[in-house]
Amino acid sequence: MKLIEKLWQALDERYELQPLVDFAKQKAVPRHRHDWMYYFGGLTLFFFLIQVATGILLLLYYRPTAEAAFESVQFIMTRVPFGWLIRSIHSWSANLMIASAFIHMFTVYFAGAYVKPRELTWWTGVALLLLALGFGFSGYLLPWNELAFFATRVGTDMVSKVPFIGHWLLRVLRGGEDVTGATLTRFFGIHVAVLPMISTFLILLHLAFIQRQGMHEPQEEPKLPPRPFFPNFVLREFMVWLVGLALLAALAAFFPWELGKKADPFAPAPAGIKPEWYFLFMFETLKLLPAKVLGIEGEILGLAAFSVGGLFWFLAPLWDRKRVRGEKSLFALVVGWGVVLYIAAFTALSYLGVFQ
Amino acid sequence: MDTGNKISRKGFINWLLGTSLGATVVAALYPVFRYVLPPEVAEAPTNRVLAGKLSELPPNSGKIFRFGAKPGILVRTQGGEVRAFSGICTHLNCTVQYRADFQHIWCACHNGHYDLQGKNIQGPPPRPLETYKVDIVGDDIYVTRGA
């Protein structure tokens, strides 16, 4: 004990740490009927940390070339002790992270927490969700299996529909005209270096904004005395993390992630091919759109609609004037439920096989 | 810069530093920008390939073949006629396949259908598949692009 106290004193003397401790002691989190939603941002961060840790472990054996990628993942799953578990956790945690991020985003949306003064928190948050989807898309290709190969062909082809710079973007993403080993190497670099760097920066910014402004409180809620951040809130958050870890461990152990068949660029796309669940609503919509709508190619119209819709969602803090004034916004509520119902319905119907 | 015809010393220095900084940033970013864009790989244009053997392609079947770097599809109709098309779906770039049960070409990714002329007949594909010329020499099927 003495030694720790001495060490603390030595550090405090040099770096003036006591004010930080005082600050942490004062910090509090609002309490109300819906304060459960405060835990989902932290839970998303927890899964992100798991991704970093398991991702680093996978890097020890993974080889990012078209010739070796599939075999190296196979090696991880069959020969490396606990390799199957590490890879399974990485895949499952990715899915849980995105699920948690979606829940976090929708609770923030329905609470109206994105309005002034928290516009930048919303924008960095939506950007982080897009980065998470980018992680999912780029990581999906890395095992170089059949599903991944075609998912990447389709996904990168969508990018080529962007007006003016589409073809240029396609070449930058694919590292050439087609999805080849060059694409795999590029996606690997994006997945393990570019996206982690940007995400880490944005997460720190996102947290710094929350730290400066404090948690948003819904106005209509009856006020309860706030909960101290340390240790009460932190311990509760840890409990949520523990539940997340238990769920993750169960999924990873009982439903190990499959590897599938090695990609063959000269094989047809397999029947029943579909993307990860978080892209299903877009996938099914693109399947339903006819070849031409009002003389415009269906998929271009669909992709344009998704882009405009996404932008509209992103810009919520700008068009929602009512909530800024503290009033209820029926329009924002209808938009929010419309989006939730559309995504939920299309995803569920896709799983039920209604669109086949 | 001030409003008179004389340039202030401070304004001049700021202009000089600003443009130098701008030029340095551009000089640093331009190679990065060019580096990220992959170089055009000069491919020997493939216009004619041996796509398969007639004996390996029974009526009402299909086969993917390599046409340079891209997939092509050979189809042998119920009547025994051999046709060849680009194997790339015009919708979102997947590789199509011949479905014996439909007796036409199908893309698994978004459920696109093409008839035996390569014409898009159902689902999201916006355009027909590119058609290639087929020559049969003995048992060999040769496919030629364009004409």
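How many positive and negative side chains does chain A have, and how far apart do the centres of the two sets lie? In this predicted model, chain A carries 31 positive and 25 negative side chains, with just 3 Å between the centres of the two sets. Chain B tells its own story on this point: there are 16 positive and 11 negative charges, and their mean positions sit 11 Å apart.

Now for the overall build of chain A. Its secondary structure adds up to 15 helices and four strands. Taken along the principal axes, the C-alpha atoms fill a box of roughly 65 × 55 × 40 Å. The radius of gyration of chain A is 23 Å, which agrees with the value near 21 Å that a compact globule of 356 residues would have. Some 43% of those 356 residues count as buried. The accessible surface of chain A is about 19400 Å², and carbon and sulfur atoms account for 72% of that. As for how the chain meets itself, take the contacts between residues at least 6 apart in sequence: in chain A, 74% of them join residues at least 24 apart.

One residue gives a closer look at chain A. Arg87(A) belongs to helix 5, which covers residues 83-110. Is Arg87(A) buried or exposed? With a relative accessible area of 8%, Arg87(A) falls under the 20% cut-off and so counts as buried. Its contacts, leaving aside neighbours within four places in sequence, are Leu58(A), Val73(A), Met77(A), Pro143(A), Trp257(A), Glu258(A) and Leu259(A). Ala252(A) is 165 residues away from Arg87(A) along the chain, yet the C-alpha atoms of the two are separated by 8.6 Å.

Chain B comes next. Its elements are one helix and ten strands, and the order from the N terminus is α-β-β-β-β-β-β-β-β-β-β, with the helix leading and the strands following. What does the radius of gyration say about chain B? At 28 Å, it is well over the 15 Å that the globule rule gives for 147 residues, so chain B is more spread out than a compact globule. The C-alpha trace of chain B spans about 90 × 35 × 25 Å along its principal axes.

The domain division adds to that picture. Chain B is split into domain 1, residues 1-39, and domain 2, residues 48-144. Taken over C-alpha atoms, the centres of these two domains of chain B are 55 Å apart. Buried residues make up 39% of the 147 residues in chain B, and the accessible surface comes to about 8600 Å², with 60% of it belonging to carbon and sulfur atoms. Among the contacts in chain B between residues at least 6 apart in sequence, 38% link residues at least 24 apart.

Arg48(B) offers a look inside this chain. Strand 1 of chain B, residues 48-53, is where Arg48(B) is placed, and residue 48 also opens domain 2 (48-144). The relative accessibility of Arg48(B) is 45%, so it counts as partly exposed. Which residues does Arg48(B) touch, not counting those up to four places away in sequence? They are Phe67(B), Asp135(B), Tyr142(B), Val143(B) and Thr144(B). Asn120(B) lies 72 residues from Arg48(B) along the chain, and 25 Å separate the C-alpha atoms of the two.

Terms used. Residues are numbered from 1 along each chain as its sequence is written. Chains are lettered from A and ligands numbered from 1 in the order in which they are written. This is a predicted model: local features need pLDDT of at least 70, side-chain atom pairs count only at pLDDT 80 or more; totals for chains, interfaces and linings use all residues. Side-chain values use heavy atoms; hydrogens and water are left out. Domain bounds come from an automatic or database domain assignment. Helices (H or I, at least four residues) and strands (E, at least two) are DSSP runs, numbered from the N terminus. The radius of gyration is taken over C-alpha atoms; the globule rule is 2.2 Å times the number of residues to the power 0.38. Buried means under 20% relative accessible area, exposed over 50%, partly exposed in between (1.4 Å probe, protein chains only). Contact means heavy atoms within 4.5 Å. Accessible areas come from the Shrake-Rupley method with a 1.4 Å probe; for residues, only the protein chains shown count as cover. Lys and Arg count as positive and Asp and Glu as negative; His and the chain ends are not counted. The place of a charge is taken as NZ of Lys, CZ of Arg, CG of Asp or CD of Glu.
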